[in-house]
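Please open the structure in your viewer and keep the selection panel at hand. The tour below proceeds by residue number, stop by stop.

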Amino acid sequence: MTQHIGVLTSGGDCPGLNAAIRGLSKAAREHYGMRVTGFLNGFRGLAQDQTVEIDSAMLSGILTDGGTILGTSRDKPHRMNIGGKMLDMTDAVVATYQRHHLDALVCLGGGGTQKNALRLVEAGLNVVTLPKTIDNDIALTDRSFGFDTALQIATEAVDRLHSTATSHERIIVVEVMGHRAGWLALEAGIAGGADVILLPEIPYDVEKIAAAIRRRTQCGKRFSIVVVAEGAMSTADAAEVEAMVNARDQAESKKSRAEFSAKLQNFHDEHVGQTINLTRKLEQLTGQESRLTILGHLQRGGTPSAADRVFATWLGTACAETLNARNFGVMLALQGGVLKHVPISEVAGNKRLVPLDHPLIASGRLVGTSFGD
Ligand code: F6P
């Protein structure tokens, strides 16, 4: 019987985490009679045994709250900064799990969390995960909670930018989050009627974007809205990344693979902020005044949308059923409108990117949107 479970939230926060914690804990406690212990600040709380007992008072009124009542961090069990030193804390994590006599651990998180959860499965723990991220890029699930709210916020921003872009006859470039996937940019761009949408999956040519904007000007449309995913890249940058990925994948020793991975990470880190260069370049090429808006963490804050509350609650309660059935080592995934159990081992390390033949790309092209290619 599953009697005592642990729960933690890890990675970037997002709207819907509290709704999921509430759904899980209410069903686990009140329906299945389980005890629920929360671990604070992601895997750090598990490594350092920082806990909170989840009772009904803690769950009251949190459905509509953004963020997470448990706190979160990007700490990894196998590489954690403890007093300035990067230490492997996997044994400490296992020891905490055993000290509390947990029957299972629930990890709410995105792609990084799924990888960390897999490490704990391999260390012998019973783990179940739930898919959370505004990026919507977790493998094997059609949706992750948090995405819908972020999409609404980004869409509202694009709507609002239209009136100021029109009044000043400007190009407004809007950078949205999404890490290395383009779901948020694609859907916010389509919903907001962006004139150009740039995705990490479709490397762009700045001359082609400028040509699309000039065509609009020739038709008498004196403003343009460009929605850019933070991970979008020019064809030249994308070619450089591809060369580094190939070199890493072909490297023979673990050491040189690690060196290529570090180089790749540096490249991505330095790429942050490139949208300002794109905005300047568009101004030069079109002669039209241009401005940049970076939406940033606004997209992750505040109350979850109705759809995210519903989805997160459903995932939480289904997770309690999964724990009761002692079905471990799985992530709950939405596939074709139903919740399925998928092995964490098949999710970890895989990313769900926008496929180039996605119908929304075709739809965008049919309403005249440029994808910069
Ligand atoms: O994964 C969610 C996300 O918001 C990404 O879209 C973004 O790249 C990243 O997290 C930002 O992370 P942080 O909050 O650590 O700056």
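Buried means under 20% relative accessible area, exposed means over 50%, and partly exposed covers what lies in between. The model is a predicted one, and the stops below apply these three terms to it.

**Stop one: helix α8 and a spatial pair.** Select Ala211, which is found in helix α8, the run of residues 206–218. Ala211 has a relative accessible area of 23% and is therefore partly exposed. Now add Leu282 to the selection and draw a distance between the two C-alpha atoms: Ala211 and Leu282 are 71 residues apart along the chain, and their C-alpha atoms are separated by 9.8 Å.

**Stop two: helix α5.** Move to residues 111–122, which form helix α5 and include Lys115. Lys115 has 43% relative accessibility, so this residue counts as partly exposed. If you extend the selection to Arg74, Lys76, Arg79 and Arg119 together with Lys115, you will have the members of a positive surface patch on display. Then pick Leu118, which also has its place in helix α5; is Leu118 buried or exposed? At 17% relative accessibility, Leu118 counts as buried. For a long-range check from this residue, add Glu321, which is 203 residues from Leu118 in sequence and 21 Å from Leu118 in space, taken from C-alpha to C-alpha.

**Stop three: the cysteines.** Select Cys14, and ask how far its sulfur is from the closest cysteine sulfur. That closest sulfur belongs to Cys107 and is 15 Å from the sulfur of Cys14, which is too far for a bond. The cut-off that matters for this step is a pair of cysteine sulfur atoms within 2.5 Å, and by this rule the count of disulfides comes to zero. While Cys14 is still selected, note its relative accessibility of 0%, which means that Cys14 counts as buried. Cys219, to be selected next, has a relative accessible area of 62% and is exposed.

**Stop four: salt bridges.** Side chains of opposite charge can pair when their charged atoms come close. How many salt bridges does the structure hold? There are 13 salt bridges in the structure, and a few of them are worth displaying individually.

Begin with Arg160 and Glu156, whose side chains meet in a salt bridge at 2.6 Å, N to O. Both residues belong to helix α6 (residues 147–168), and because they are four residues apart there, about one helical turn separates them. Arg160 has a relative accessible area of 58% and is exposed, whereas Glu156, at 40% relative accessibility, counts as partly exposed.

Continue with Arg222 and Glu169, whose side chains meet in a salt bridge at 3.2 Å, N to O. Arg222 lies in the loop between α8 and β10 (224–229), and Glu169 lies in the loop between α6 and β8 (171–176), so this pair ties together parts that are 53 residues apart in sequence. Arg222 counts as partly exposed at 37% relative accessibility, and Glu169 counts as partly exposed at 38%.

Next, display Asp373 with Arg365, whose side chains meet in a salt bridge at 2.8 Å, N to O. Asp373 is partly exposed, having 43% relative accessibility, and Arg365 is partly exposed with a relative accessible area of 40%. To finish this stop, select Arg170, Glu289 and Arg291 together, since here the selection shows a network of salt bridges that links the three residues.

**Stop five: backbone angles in two loops.** Most residues other than glycine have a negative phi. With that expectation in mind, select Leu140, which is not a glycine and yet has a positive phi of about 70°. Where is the place of Leu140? Leu140 has its place in the loop between β7 (127–131) and α6, and with a relative accessible area of 35% this residue is partly exposed.

The tour ends at His179, another residue that is not a glycine but has a positive phi, in this case of about 55°. His179 is found in the loop between β8 and α7 (183–191), and its relative accessible area of 37% makes this histidine partly exposed.

Definitions and conventions: Residues numbered from 1 in each chain as written. Predicted model: local features only at pLDDT ≥ 70, side-chain atom pairs only at ≥ 80, totals over all residues. Heavy atoms only, no water. Patch = residues over 30% accessible without salt bridge, like charges linked within 9 Å, V, L, I, M, F, W, Y side chains within 5 Å. Areas by Shrake-Rupley, 256 points an atom, 1.4 Å probe, with all protein chains shown as cover. Salt bridge = Lys/Arg side-chain N within 4 Å of Asp/Glu carboxyl O. Lys, Arg positive; Asp, Glu negative; His and termini not counted. Charge placed at Lys NZ, Arg CZ, Asp CG, Glu CD. Buried < 20%, exposed > 50% of the residue type's maximum accessible area, 1.4 Å probe, protein only.
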